[in-house]
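Please follow this walk through the structure, which moves from a single side chain to helix packing, then to a strand residue, two loops and the cysteines.

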Amino acid sequence: MASSGLELLWVSLPQLGKGAAQTLSISLLSIAFSTVGGVLYGVLRTLNNTLINAVLRVYLELFRAIPVLVWLYLLFFGLPIFFGLSIPSFWCAVLVLSLWGASEVGEVVRGALHSLPRGQREAGLSIGLSDTQLYGYVLLPQALKRMTPPTINVYTRLIKTSSLAVLIGVVDVIKVGQQIIERTYESVLIYGALFLFFPYLLPVVGRLQGAGTALGPRMSALIEFQGFNKFFGEAQVLKGIDLRVHSGEVVVILGPSGCGKSTLLRCLNGLEVAHSGSLRFAGKELLDKTTDWRQVRQDVGMVFQSYHLFPHMSVLDNILLGPLKVQKRQPGEARAQAEQLLERVGLADKRDAYPRQLSGGQQQRIAIVRSLCMNPQVMLFDEVTAALDPEMVKEVLEVIQDLARDGMTLLIVTHEMAFARAVADRVVFMEAGRILEHNTPEAFFTNPQTARAQQFLEKFSFVSTLPKKTREPALP
């Protein structure tokens, strides 16, 4: 009996093999199309386009609410009846499984992208990366590790769901098994053979998880704000800003938290959208709808409080991403400049290290080098020492001070009063979205012109004016 069963299985192997090849073809094609469609879906959902988001949400809910089996019947039997269109059963199965898989993979991709720190997007935009370059070089490579495990689960479900294709006439491995059983009545033996097929197929796809885890300016000013206004919803955060910065000038912006200092810098780099007024850079009006912000950002370097280095790239790759992918410079020339800048900030030996292997001060100096390697006309520093330990502040401030000595145009937001006084050509003081006063650092720190500026400075000098605590003699 056992011998006859084995003979039957041996004779049936060619048929089962053809069916298995059909199942494998449907599964692999569906996985490929699901992956491409899912990545596209996930990226589009993060672009904050209202119309695209609405369409994709409808698509998602349709494939979540309606079972795959119903979609198979609707497309295979419904299209010929209602529209006169006929799709071969094989491609109908691939289409339905791909659309279902893309909706599942897409949500995984969207979640992985949203889980990345917002600063990664802003850091990429600040060096002039296009949306395509931003996602291709920065966001998707980082999201890959986060999205791989749940995506493999989707692939596993997709492979098992492919067996439904038999119901629209696809001769896959399940259909072949049923045909053999109808002729021989050896259901236990045949289903036993099918039982072994899927457990061997799924680990092949599962190995992808390991692979994914391993993976001509105006003479008056270089920068000029005139009547500049910015809103967040109903709240006006910048109110009639008038500010001119000349080439080679170092302007330090001071003020209490929430007064609009960082927002002002972000508007100059195009990370925030202005609502009215004028903003000119190198003689060009930036609030014009035709402004190419990718080009502007190559001339306006920005360094953030939280470093925002790309964690999946080495130090050298972080620095060279903009020069090579945005500016299309020669690799040898860009690399030589990067290495020279690393030498200048004392980090030449860290060129092949990854951000996680660096201290906060080292990461911030690399972030400065990354912007400098784009050869910008102006550098924006947004509280770059706020996240650093006191011992690391000095090494970052020394780099900025060197840039000031070299004649680089700098706009600096900081709470380091002694540094501001030492490095600034001019100090701008803001309060509640307005510029209250601006003056030379000596005049501002010794004789502020407004009561609010005087109150602000008194708070910073409070600790230094406290009497020293003296130890009282011990009681006898």
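In this predicted model, Q142 is buried, because its relative accessible area is 9%, which falls under the 20% that sets the limit for that class. The place of this residue is in helix α6, and its side chain reaches back to the backbone oxygen of V138 at a distance of 3.0 Å. Leaving aside residues up to four places away in sequence, Q142 touches L116 and Q120 as well as F310, P311 and H312.

The helix that carries Q142 also packs against another helix. Two packed helices are described by the angle between their axes and the distance between the axes. For helix α6, residues 131-161, and helix α11, residues 315-326, the axes come within 12 Å and cross at roughly 145 degrees, and the crossing is right-handed. On the α6 side the contact is made by Q133, Y137 and V138, and on the α11 side by L321, K325 and V326. By class, the residues of this contact divide into four nonpolar, one polar and one charged. V138 thus appears in two settings, since its backbone oxygen is reached by the side chain of Q142 and V138 itself takes part in the contact with α11.

A second helix pair can be read in the same terms. Helix α2, residues 50-65, and helix α4, residues 89-114, pack at an angle of about 115 degrees with their axes 10 Å apart, and the crossing of α2 and α4 is left-handed. From α2, the residues Y59, L60, F63 and R64 meet V96, L99, W100, A102, S103, E104 and E107 of α4. This contact of α2 with α4 has seven nonpolar, one polar and three charged residues.

Turning from helices to a strand, E285 is found in β5, which covers residues 284-285. E285 is partly exposed because its relative accessible area is 26%, a value that lies between the limits of 20% and 50%. A polar atom of the E285 side chain lies 3.0 Å from the backbone nitrogen of L279, and L279 is also one of the residues that E285 touches, together with S278, R280 and T291, when residues up to four places away in sequence are not counted. Between E285 and I223 the separation is 62 residues in sequence and 10.0 Å in space, taken from C-alpha to C-alpha.

Which backbone angle deserves attention at K328? This residue has a positive phi of about 55 degrees although it is not a glycine, and it lies in the loop between α11 and α12, the latter spanning 331-344. K328 counts as exposed because its relative accessible area is 59%, which is over the limit of 50%. A432 likewise has a positive phi, near 55 degrees, in a residue other than glycine. The place of A432 is in the loop between β9, residues 426-431, and β10, residues 434-439, and A432 is classed as partly exposed because its relative accessibility is 42%.

The cysteines complete the tour. How many disulfides does the structure hold? The number is zero. C92 is buried, with a relative accessible area of 0%, and C259 also counts as buried because its relative accessibility is 1%.

Terms used: Residues are numbered from 1 along each chain as its sequence is written. This is a predicted model: local features need pLDDT of at least 70, side-chain atom pairs count only at pLDDT 80 or more; totals for chains, interfaces and linings use all residues. Side-chain values use heavy atoms; hydrogens and water are left out. Helices (H or I, at least four residues) and strands (E, at least two) are DSSP runs, numbered from the N terminus. Buried means under 20% relative accessible area, exposed over 50%, partly exposed in between (1.4 Å probe, protein chains only). Contact means heavy atoms within 4.5 Å. A polar contact is a pair of N or O atoms within 3.5 Å; within protein, one must be able to donate a hydrogen and the other to accept it, and residues adjacent in sequence count only if both atoms are side-chain atoms. A disulfide is a pair of cysteine sulfur atoms within 2.5 Å. Axes are lines fitted to C-alpha atoms, for helices over the stretch in contact, and angles run from 0 to 180 degrees between N-to-C directions. A crossing is left-handed if the near helix is turned anticlockwise from the far one by less than a right angle, and right-handed if clockwise. Ala, Val, Leu, Ile, Met, Phe, Trp, Tyr, Cys and Pro count as nonpolar, Asp, Glu, Lys and Arg as charged, and the others, Gly among them, as polar.
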